[in-house]
Amino acid sequence: MSCLTSFVPSLISSLLPSLCFSRTHSISTTATCKQQRFLFPSVKGTKFPTLPFSSTITRAAEYKFPDPIPDFADAETEKFKSHLIKKLSKKDMYGESVEEVVGVCTEIFSTFLHSEYGGPGTLLVLPFVDMADALNERGLPGGPQAARAAIKWAQDHVDKDWKEWTSGDNN
């Protein structure tokens, strides 16, 4: 029966010669077989490069988003309100509460646009969660559905509209 300790080191050293650098370390086996020398790359004194994205993270943290634009917020709020009225009026669940539901959602959305939204990358989910919560707290029907319709519209339009607005097309 052959000794595995003599086979494994020769297999490893034949398969991994590219991992062996100028410095090597040896490990001896103490079994009944003869001593074998294992070649391992040395990391002593080797300087590993820093991650290239570490400076990118720092720069991203230092980026300041633009301030909200009141005229944009007003125009976008009107588009939002118009869409939500059309969308929610088609559903039976709101009945005569549709105007009140849209009013709550529009007020929250307008406040967000006027105080927080500063362009792509700043559209948050929090105002839409607030919409659902406010509608539920007031006992109005369809809070989650209204918030879902609102966020869907915002995802499809707000960043795109901001880019158009700030490119000079609407000013």
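The legends below describe close-up views of a predicted model.

**Figure 1. The whole chain is built from helices.**
The protein chain in this predicted model has six helices and zero strands. Read along the sequence, the pattern is α-α-α-α-α-α. Of the 171 residues, 29% are buried. Among contacts with a separation of 6 or more, 62% join residues 24 or more positions apart. The chain exposes about 11,600 Å². Carbon and sulfur atoms supply 57% of that area.

**Figure 2. Helix H3 has a buried side and another side with exposed residues.**
H3 spans residues 70-89. The helix has 20 residues and reaches 28 Å from its first C-alpha to its last. That is close to the 28 Å expected at 1.5 Å a residue. Its buried residues are Phe72, Ala73, Glu76, Thr77, Phe80, Leu84 and Leu88. These residues lie on the same side of H3, because they cover an arc of only 125 degrees around the axis. An α-helix has 3.6 residues a turn, so residues three or four places apart point the same way. On the other side of H3, Asp71, Glu78 and Lys86 are exposed. The cover over the buried residues of H3 includes H4, H5 and H6.

**Figure 3. Helix H4 buries residues under cover that includes H3, H5 and H6.**
H4 runs over residues 98-115. The helix has 18 residues. From first C-alpha to last, H4 reaches 26 Å, close to the 26 Å expected at 1.5 Å a residue. The buried residues of H4 include the valines Val98, Val101, Val102 and Val104. Ile108, Phe109, Phe112 and Leu113 are also buried. So are Cys105, Thr106 and Ser110. H3, H5 and H6 are among the elements that cover these buried residues.

**Figure 4. Glu76 sits buried in helix H3.**
Glu76 belongs to helix H3. Its relative accessible area is 2%, so Glu76 counts as buried. Which residues does Glu76 contact, leaving aside its neighbours within four places in sequence? They are Phe109, Leu113, Trp153, His157, Val158 and Asp161. Of these, Phe109 and Leu113 are themselves among the buried residues of H4.

**Figure 5. A salt bridge links helix H3 to helix H6.**
Lys79 pairs with Asp161 in a salt bridge, with the closest N and O atoms 3.5 Å apart. The pair links distant parts of the chain. Lys79 is in helix H3, Asp161 is in helix H6, and 82 residues separate them. Are the two partners buried or exposed, in whole or in part? Lys79 counts as partly exposed, because its relative accessibility is 40%. Asp161 has a relative accessible area of 5%, so this residue is buried. Side chains of opposite charge can pair when their charged atoms come close.

**Figure 6. Asp161 also pairs with Lys160, and a network results.**
Asp161 forms a salt bridge with Lys160. Here the closest N and O atoms are 3.7 Å apart. Lys160 is partly exposed, with a relative accessible area of 42%. Salt bridges that share partners join Glu76, Lys79, Lys160 and Asp161 into one network. Two members of this network, Glu76 and Asp161, are buried, at 2% and 5% relative accessible area.

**Figure 7. Asp156 and Lys152 form a salt bridge within helix H6.**
H6 covers residues 143-166. The side chains of Asp156 and Lys152 meet at 3.0 Å, N to O. Both residues lie in H6, four residues apart, which is about one turn of the helix. Asp156 is partly exposed, at 37% relative accessible area. Lys152 is partly exposed too, at 45%. The count for the model comes to four salt bridges.

**Figure 8. A nonpolar patch lies on the surface around Val125.**
Leu124, Val125, Leu126 and Val129 form this patch. Together they have about 340 Å² of accessible area. Val125 lies in the loop between helix H4 and helix H5. H5 spans residues 126-137.

**Figure 9. Asp133 of helix H5 and Gly143 are brought into one view.**
Asp133 is found in helix H5. At 38% relative accessibility, Asp133 counts as partly exposed. How far apart are the C-alpha atoms of Asp133 and Gly143? They are separated by 7.1 Å. Along the chain, the two residues are 10 residues apart.

How values were computed:
Residues are numbered from 1 along each chain as its sequence is written. This is a predicted model: local features need pLDDT of at least 70, side-chain atom pairs count only at pLDDT 80 or more; totals for chains, interfaces and linings use all residues. Side-chain values use heavy atoms; hydrogens and water are left out. Patches are made of residues with over 30% relative accessible area and no salt bridge: like charges are joined within 9 Å, nonpolar side chains (Val, Leu, Ile, Met, Phe, Trp, Tyr) within 5 Å. Accessible areas come from the Shrake-Rupley method with a 1.4 Å probe; for residues, only the protein chains shown count as cover. Helices (H or I, at least four residues) and strands (E, at least two) are DSSP runs, numbered from the N terminus. The expected span of a helix is 1.5 Å times one less than its number of residues. Buried means under 20% relative accessible area, exposed over 50%, partly exposed in between (1.4 Å probe, protein chains only). Contact means heavy atoms within 4.5 Å. The arc is that of the directions from the helix axis to the C-beta atoms.
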